[in-house]
Amino acid sequence: MARWRSFAYQPNRRLWEYETGGCTEWACCGDPWQAREFLEAVMLAMSRRRSRELRSLVKALDRQH
């Protein structure tokens, strides 16, 4: 969650190289797209109630992106 949140609020997120999946700023910190995919897997594995709570937080970040 922290990785996706920091990416969503990062002013330079538009500079991310989508084709190569890399950026000098994110190379040492982890791939935000992998973090988002992991969040999706976690939400699928959670109970419905907890998943709904997390999904609302993640959707708000998705809108920022």
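Buried here means a relative accessible area under 20%. By that cut-off R36, with a relative accessible area of 16%, is buried. Keep R36 in mind, as the tour returns to it. The model on screen is predicted.

**Whole chain**

Start with the cartoon view of the protein chain. Three helices should appear, since the chain has 3 helices and 0 strands. Followed along the sequence, the pattern is α-α-α. Colour by burial next: of the 65 residues, 25% count as buried. Switch to a surface to see the accessible area, which comes to about 4,700 Å². Carbon and sulfur atoms hold 54% of that surface. If your viewer draws a contact map, look at the pairs with a separation of 6 or more: residues 24 or more positions apart account for 55% of those contacts.

**The nonpolar core**

Select W4, F7, A8, L39, M43, L54, V58 and L61 and show their side chains. These 8 residues make up the largest nonpolar core. Helices α1 (2-9), α2 and α3 are the elements that give two or more residues to this core. In soluble globular proteins, nonpolar side chains tend to be buried together.

Now centre on V58, one of the core residues. V58 lies in helix α3. Is V58 buried or exposed? Its relative accessibility is 1%, so V58 counts as buried. Which residues does V58 touch, once those up to four places away in sequence are left out? The partners are M1, W4, R36, L39 and M43. Among these partners, W4, L39 and M43 also belong to the largest nonpolar core.

Draw a distance from V58 to M43, C-alpha to C-alpha. The value is 9.7 Å, for two residues that are 15 residues apart in sequence.

**R36 in helix α2**

Select R36, found in helix α2 (residues 32-45). Leaving aside neighbours within four places in sequence, R36 is in contact with W4, M43, V58 and D62. Three of the names in that list, W4, M43 and V58, have already come up as members of the nonpolar core.

Add E40 to the selection. Where does E40 sit relative to R36? Both residues lie in helix α2, 4 residues apart, about one turn of the helix. R36 forms a salt bridge with E40, and the closest N and O atoms are 3.0 Å apart. The two side chains are also joined by a polar contact of 3.0 Å. The partners fall into separate burial classes: R36, at 16% relative accessibility, counts as buried, whereas E40, at 26%, counts as partly exposed.

Extend the selection to R55 and D62. Together with R36 and E40, these residues are linked in a network of salt bridges. D62 is also in the contact list of R36 given above.

**Salt bridges within helix α3**

How many salt bridges are there by this rule? The count comes to 5. Two that can be shown from a single residue involve E53, so select E53 with R49 and R50.

First, look at E53 and R49. Their side chains meet in a salt bridge at 3.8 Å, N to O. Both residues lie in helix α3 (residues 48-64), 4 residues apart, about one turn of the helix.

Then turn to R50 and E53, whose side chains meet in a salt bridge at 3.1 Å, N to O. R50 and E53 are 3 residues apart in helix α3, so about one helical turn separates them. E53 is partly exposed, with a relative accessible area of 36%. R50 is partly exposed too, with a relative accessible area of 41%.

**Last stop: S51**

Finish at S51, whose place is in helix α3. What burial class does S51 have? With a relative accessible area of 9%, S51 is buried. Show the residues around S51, leaving aside neighbours within four places in sequence: S51 is in contact with M43 and M46. M43 has now appeared at several stops: M43 is part of the largest nonpolar core, and M43 is in contact with V58, with R36 and with S51. To close the tour, select M43 together with V58, R36 and S51 and view the group in one frame.

Methods:
Residues numbered from 1 in each chain as written. Predicted model: local features only at pLDDT ≥ 70, side-chain atom pairs only at ≥ 80, totals over all residues. Heavy atoms only, no water. Buried < 20%, exposed > 50% of the residue type's maximum accessible area, 1.4 Å probe, protein only. Contact = heavy atoms within 4.5 Å. Areas by Shrake-Rupley, 256 points an atom, 1.4 Å probe, with all protein chains shown as cover. Polar contact = N/O pair within 3.5 Å; in protein donor to acceptor, adjacent residues only side chain to side chain. Salt bridge = Lys/Arg side-chain N within 4 Å of Asp/Glu carboxyl O. Core = buried A, V, L, I, M, F, W, Y, C linked by side-chain atoms within 4.5 Å.
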